[in-house]
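Subject: Structure handover

Hello,

Here is the structure we talked about. My notes on it follow below.

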Amino acid sequence: MTVDTTAPASAPATSADLPPSNGTRVTNWAANYIDERTSISGLVKELGRKIFPDHWSFMLGEVALYSFVVILLSGTFLTFFFQPSMAVVTYDGSYAPLKGIQMSAAMSSTLNISFDIRGGLLLRQVHHWAALLFVASIGLHMLRIYFTGAFRKPREINWVIGFVLFVLALAEGFTGYSLPDDLLSGNGLRIIDGMVKGIPVVGTWISYLLFGGNFPGEAIVGRLYSLHILLLPAILVAALGAHMVLLIVNKHTQFAGPGRTEGNVVGSPIMPVFAAKAGGFFFIIFGVVMLTASFVTINPIWVYGPYDPSPVSAGTQPDWYIGFADGALRLIPHGWEFMLGPYTVSMNILVPVVGLVVFLAVVAAYPFFEAWVTGDKREHHIADRPRNAPTRTAIGAAGVTFYAVLWTAASSDLLATHFKLTIEGVITFLQVSVFVAPVIAYLVTKRICIALQKKDREIALHGFESGRIVRLPGGEYVEVHEQLSDYERWKLVSFDDHAPVMLRPNKDGKITVPARLRARASNWFFEDRIVPVSLTEIEASHGDQLTQEQVAVESR
Amino acid sequence: MAEQGASGSDVQKYDASVSAGTGVVTSDRIDNPGFEPFRARVSELDSKKEKANERRVAMMFGLSMVGSVAAIVAYIIFPIVPGDPGSVRTNTFLLGLGLALGLFGIGFGAVHWAKALMDGHDLVEFRHGTRGSDTTRAKAVEVFHLGNKESGIGRRTIIRNTLIGALVLFPLPGIVVFRDLAPAADPNDQLRHTVWKKGTRLTKDPSGVPIKASEVTLGSVFHVIPDGLNDRQDKLEQKAKAAVLLMRLRPEDLHASKEREGWSYKGIVAYSKICTHVGCPVALYEQQTHHLLCPCHQSQFDITHEAEVIFGPAKRPLPQLPIAIDSEGYLVAQSDFHEPVGPSFWEREH
């Protein structure tokens, strides 16, 4: 890269012949100084005017990113006061009801953050609320990517990286939740201990190593702290970096619209519009979290008290994002444990654990599955409207429903007490629902998608009902249809169309099993298919349409 | 700048060498109509509106400054008064409000600036295939060829294979050193024993006061720990195994099996409080039905039938602690539990 050392890189062209002001001189000098040592002008040239398309759903990933920054900032403050130690101390802080009670240093220092350090409680709550928002926004961001097909080539790898980020966020959430060593988080760890012990062959030892001896031991908080503030964030930041680099390399997807093609990106440049919007949005997210943290208490550990293996309160709930795992444990019917010779096999633990791992694996692998079904090797940069990929959307709806049933199951006891139902009834209903509800969601969603596609097609071909009823000279009443503009119609007709593959022998004259499977899968995906309106159809439809002008002519 | 490039002709033009798979490529597609005409915003048409928007943005940035200063002022003039929980609330609330104003001012100001005043034209950037060009790829292949040729890694198989072996082995010590995360002793022994032994008094949790059989009235329930637990160094570890629930039923309601007939005292029975599912304390006792409910995953145990599971994911009954009374009338354990307490584990019956 050549760097012109005589003329400063940032000098605006129009003011080149005017004597520069003092401020400009300083800016020029600084820009030149940095560029001569870093070649940064090249980066600015490449990225400074990079285009970002606009759509409200594109901000979900931004929410995740910004809440992560809020987590880092507030978490750093907390590390200066938190003591990750399980050494027993006698609490002597400002919170009177717990004075004189024995607890771990971790719990005691968390209470001190809450009651003796100005802004401590605020930042604890900022940290917790931001963490909840972080996981929620990642989840919604993933759903946006899924339902718009933005995971298709060339973005499959970035989907997997994003999935890893989601899992890391869950791990960060759980490790952080456990640090204060209060009654609720201690019970959470107890459940983890019980689940780990249920792993065949190695479970007992893994639990023993994890807790540094018998549960709860004196090691776990310190160990989780290392994971929570060092190892997991390091991996998370690295994966986040890769996620962002691939976002820049692949460029952002955009929705179909006039002038938008697979070959371009239409939107605002980073400098200045996107930078201002995105930068401003960071402050808005931070503000929302701050306001929530000032008003709404989260995780009042002083109500729960220090961890003790004996007491527990009814209606205990984990943080929302762990709910689906807890719900899976609750749904196992009685008796799922058997002996394999002298060994105990806990199917009541294994089935939910394996089930959830499989569920997550399916999520991670979906882009590769769909790529196999379609065999489509083209790059896709136009985001699908969910209705235009009915089978994918229906599969997604089934997945969301499955998750939702597990999540509901985590509150089975509260459902029973609030709605005056029996706990047995709630559990049995959910046991059935976990299998039936996703199927219903699949069928209903697919029908809705196809119906919406039909409606789009109808509107594209015949326009929309204007609500104006006209009586023709012959006495006939008709409603006038208003035609769409070309720009409006384009959004309805410019979607990707797929047809099932025909099963044909390969060049050796054989029909292989994979070919048969693929044919069947593509049939499942694309059998119910609404074809986008073609040019011929549009031209033909203009003939039989009664438009405003025609009515005007006829009724004259 | 704006509104360049794309119109119908270059839309959906795919490289024919790339398979579309199930994708339908047809020439009968409607043409992309190209960009809509630009619609100017009021700020661009009316300099008064532009000025008003400028003032609005500056006002929001100004409010941000007010908020940040207010946060510092709140921090100083509303300190936390020891022993006054209300002061914590005031401090949190006012500090947070100031900070939120400081943040919102910048946020809404910047976004409003971008939306109302900055150039609103859509710009177009062209995409290029993600794949490197053929020349670049050929260069990359050549780099690997040269690397191979100059190092001889493909040719000198003994070097290559020993390198692979070394790389496979070198992380192993890194795994082995984690053995001492836990003490040397076998966890299996420890999971089989609790601090209960013959003659240990049953005491109240958490006070440690011994319980007389006469105190345990019909229908009452006691949370119990073994005598001396509170003085132990490893109190929590032992409590996690030794916590017990004690309740009294009418003796005729208890359906004890033959070998357990002597384990209760006048209808008083003691069961482990640690759930056999994943180890939560089974703390909820329903007096009328004599059922115990685990609040974590809703397993239910029937005390009248030796705590067998009647609902929920747990499989095994809660282990029973055999009890008796000593010469002073206090409840004592006859022995330790006869089986490991708490969640199942692989070697449990071994």
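Two strands count as paired if DSSP finds at least two bridges between them. With that in mind, take Ile51(A): its bridge partner in strand 5 of chain A is Pro269(A). Strand 1 and strand 5 of chain A run antiparallel and are joined by two bridges. Please keep in mind throughout that this is a predicted model.

**The sheet shared by the chains**

Strand 5 of chain A (residues 264-269) also pairs with strand 1 of chain B (residues 123-126). That pairing is antiparallel and runs over four bridges. Within it, Gly267(A) has Leu123(B) as its bridge partner. The result is an open sheet of three strands, in the order 1(A)-5(A)-1(B). Which are the edge strands? They are strand 1 of chain A (51-52) and strand 1 of chain B, each pairing on one side only. Helix 10 of chain A lies across strand 1 and strand 5 of chain A. Its angle to strand 5 of chain A is about 75°.

**The contact between chains**

How many residues of chain A are in contact with chain B? The count is 110 residues of chain A, against 92 residues of chain B. Helix 10 (residues 270-295) gives the most to the chain A side, with 15 residues. By type, the chain A side divides into 52 nonpolar, 38 polar and 20 charged residues.

**Cores**

The largest nonpolar core has 166 residues. Those with the most contacts inside this core are Phe134(A), Val289(A), Leu202(B) and Val244(B). Helix 5 of chain A (residues 120-147) gives the most to this core, with 15 residues. Leave aside the neighbours of Phe134(A) within four places in sequence, and its contacts are Ala64(A), Ser67(A), Phe68(A), Ile71(A) and Ala169(A). There is also a second, separate core of seven residues. Among them are Ala460(A), Leu461(A), Trp490(A) and Ile30(B).

**Chain A overall**

Chain A has 20 helices and ten strands. Its C-alpha trace spans about 95 × 80 × 60 Å along its principal axes. Of its 556 residues, 42% count as buried. Take the contacts in chain A between residues at least 6 apart in sequence: 73% of them join residues at least 24 apart.

**Domains**

The assignment for chain A gives domain 1 (13-47), domain 2 (323-459) and domain 3 (460-554). The C-alpha centres of domain 2 and domain 3 of chain A are 32 Å apart. Between these two domains, 15 residues of domain 2 are in contact with 18 residues of domain 3. On the domain 2 side, the elements giving two or more residues are helix 13 (347-374), helix 14 (390-409) and helix 16 (423-462) of chain A. Helix 16 of chain A gives the most, with seven residues. The residues on that side divide into five nonpolar, four polar and six charged.

Chain B is divided into domain 1 (34-117), domain 2 (134-170) and domain 3 (193-333). The C-alpha centres of domain 1 and domain 2 of chain B lie 58 Å apart.

**A hairpin in chain A**

Strand 9 (residues 464-471) and strand 10 (residues 477-482) of chain A run antiparallel, joined by five bridges. Phe464(A) stands opposite Glu482(A). The two strands form a hairpin with five residues between them. In the turn, Gly475(A) has a positive phi of about 95°. Is strand 9 of chain A covered or hardly covered? It is hardly covered: the count of buried residues among its eight residues is zero.

**Backbone points to look at**

- The peptide bond from Lys153(A) to Pro154(A) is cis, with omega near 5°. Pro154(A) sits in the loop between helix 5 and helix 6 (156-178) of chain A.
- Phe215(A) and Pro216(A) are also joined by a cis peptide bond, with omega about -5°. Pro216(A) is in the loop between helix 8 (203-211) and helix 9 (220-250) of chain A.
- Asp181(A) is not a glycine, yet has a positive phi of about 60°. The loop between helix 6 and helix 7 (183-197) of chain A holds Asp181(A). Asp181(A) is buried, with 26 other C-beta atoms within 10 Å.
- Glu306(B) is not a glycine either, and has a positive phi of about 55°. Glu306(B) lies in the loop between strand 8 (300-302) and strand 9 (308-311) of chain B. Glu306(B) counts as partly exposed, with 19 C-beta neighbours inside 10 Å.

Best wishes

Notes: Residues are numbered from 1 along each chain as its sequence is written. Chains are lettered from A and ligands numbered from 1 in the order in which they are written. This is a predicted model: local features need pLDDT of at least 70, side-chain atom pairs count only at pLDDT 80 or more; totals for chains, interfaces and linings use all residues. Domain bounds come from an automatic or database domain assignment. Two residues are in contact if their C-beta atoms, placed from the backbone, lie within 7 Å. Ala, Val, Leu, Ile, Met, Phe, Trp, Tyr, Cys and Pro count as nonpolar, Asp, Glu, Lys and Arg as charged, and the others, Gly among them, as polar. A nonpolar core is a set of buried Ala, Val, Leu, Ile, Met, Phe, Trp, Tyr and Cys residues joined through C-beta atoms within 7 Å. A residue is buried if 20 or more other C-beta atoms lie within 10 Å of its own, exposed if 12 or fewer, and partly exposed in between; C-beta atoms are placed from the backbone. Axes are lines fitted to C-alpha atoms, for helices over the stretch in contact, and angles run from 0 to 180 degrees between N-to-C directions.
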